[in-house]
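Student: Please take one part of this model and look at it closely. I would like a single connected account of the aromatic residues and the strands around them.

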Amino acid sequence: MGNQFLKLTLLLVTVCVCVSFITTKLNPKETIISLSDSAIPSEIHGVKIFRQASDTKLSQLGVSSWPKWEGTPSKFPWKFKKTETMYFLEGKIKVNVDGYDQEEESFEIGKGDVVVFPKDMKCVWEIIEDVKKHYSLEEE
């Protein structure tokens with residue numbers, strides 16, 4: 001009985017490792033986001049938001065190697081030509097997604113958040129506090 005249990009356990013571990021490896025190779029960015037830190041993102045109007053991302057998550061994503069962008073208080077329309085993942089080092093932004101134009105449908109993102117905007121999303125960004133962020137664009 002003990003030998004069969006050990007074999008079954010090893011088989012299960014092997015299957016889990018293989019599934020994890022295959023999934024990571026197929027879509028590494030999405031896998032890292034969905035599996036890291038057991039964090040559950042909120043999703044607002046198609047935007048995924050991971051509030052106050054841990055250092056482990058940031059390291060897994062490789063955020064420190066991403067390009068940086070900075071902005072000062074302003075308001076402007078934006079269309080994401082590619083899926084964009086961003087990590088906010090500083091600041092606060094109010095987002096109004098196209099099609100959700102009521103004031104109560106807007107939401108804020110900012111310092112400590114990892115946010116994923118899907119390709120072709122149109123929105124209006126209102127930078128409330130100076131922003132510094134890292135960003136990564138999906139490869140096509």
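Tutor: Start with Phe117. Phe117 is buried, with a relative accessible area of 0%. This is a predicted model, so read every value as computed from predicted coordinates.

Phe117 sits in strand β7, residues 114-117. What does its ring pair with? The structure holds 7 aromatic pairs. In one of them, the rings of Phe80 and Phe117 have their centres 4.5 Å apart. Their planes meet at 10°. Planes under 30 degrees apart count as stacked, so this pair is stacked. Phe80 lies in the loop between β4 (74-79) and β5. The pair therefore ties together parts that are 37 residues apart in sequence. Both Phe80 and Phe117 are buried.

Phe117 also pairs with Trp125. Here the centres are 5.9 Å apart, with 50° between the planes. That pair is tilted. Trp125 is buried too, at a relative accessible area of 3%. Under 20% is the cut-off for buried, so the 3% of Trp125 qualifies.

Now widen the view. Ring pairs link Trp69, Phe76, Trp78, Phe80, Phe88, Phe117 and Trp125 into a cluster. Phe80, Phe117 and Trp125 thus belong to one linked set of rings.

Next, a residue in contact with Phe117. Glu84 is in strand β5, residues 84-97. Is Glu84 buried or exposed? Glu84 is buried, with a relative accessible area of 8%. Beyond its neighbours within four places in sequence, Glu84 is in contact with Val115, Val116 and Phe117. The other contacts of Glu84 on that list are Lys133, Tyr135, Ser136 and Leu137.

Strand β7 has a pairing partner as well. β2 and β7 pair in the antiparallel sense, over 3 bridges. One bridge can be named: Lys48 has Val116 in β7 as its partner. Val116 is also among the contacts of Glu84.

Follow β2 one step further. Strand β1 (residues 42-44) and strand β2 (residues 47-50) pair in the antiparallel sense, again over 3 bridges. Ile44 has Val47 in β2 as its bridge partner. β1 and β2 form a hairpin, with 2 residues between them. His45, in the turn, has a positive phi of about 55°.

To retrace the route: Phe117 stacks with Phe80 and makes a tilted pair with Trp125. Glu84 is in contact with Phe117. Strand β7 pairs with β2, and β2 forms the hairpin with β1.

How values were computed: Residues are numbered from 1 along each chain as its sequence is written. This is a predicted model: local features need pLDDT of at least 70, side-chain atom pairs count only at pLDDT 80 or more; totals for chains, interfaces and linings use all residues. Side-chain values use heavy atoms; hydrogens and water are left out. Helices (H or I, at least four residues) and strands (E, at least two) are DSSP runs, numbered from the N terminus. Buried means under 20% relative accessible area, exposed over 50%, partly exposed in between (1.4 Å probe, protein chains only). Contact means heavy atoms within 4.5 Å. Rings of Phe, Tyr and Trp (its six-membered ring) pair if their centres lie within 6.5 Å; planes under 30 degrees apart count as stacked, over 60 as edge-to-face and the rest as tilted. Two strands pair if DSSP finds at least two bridges between them.
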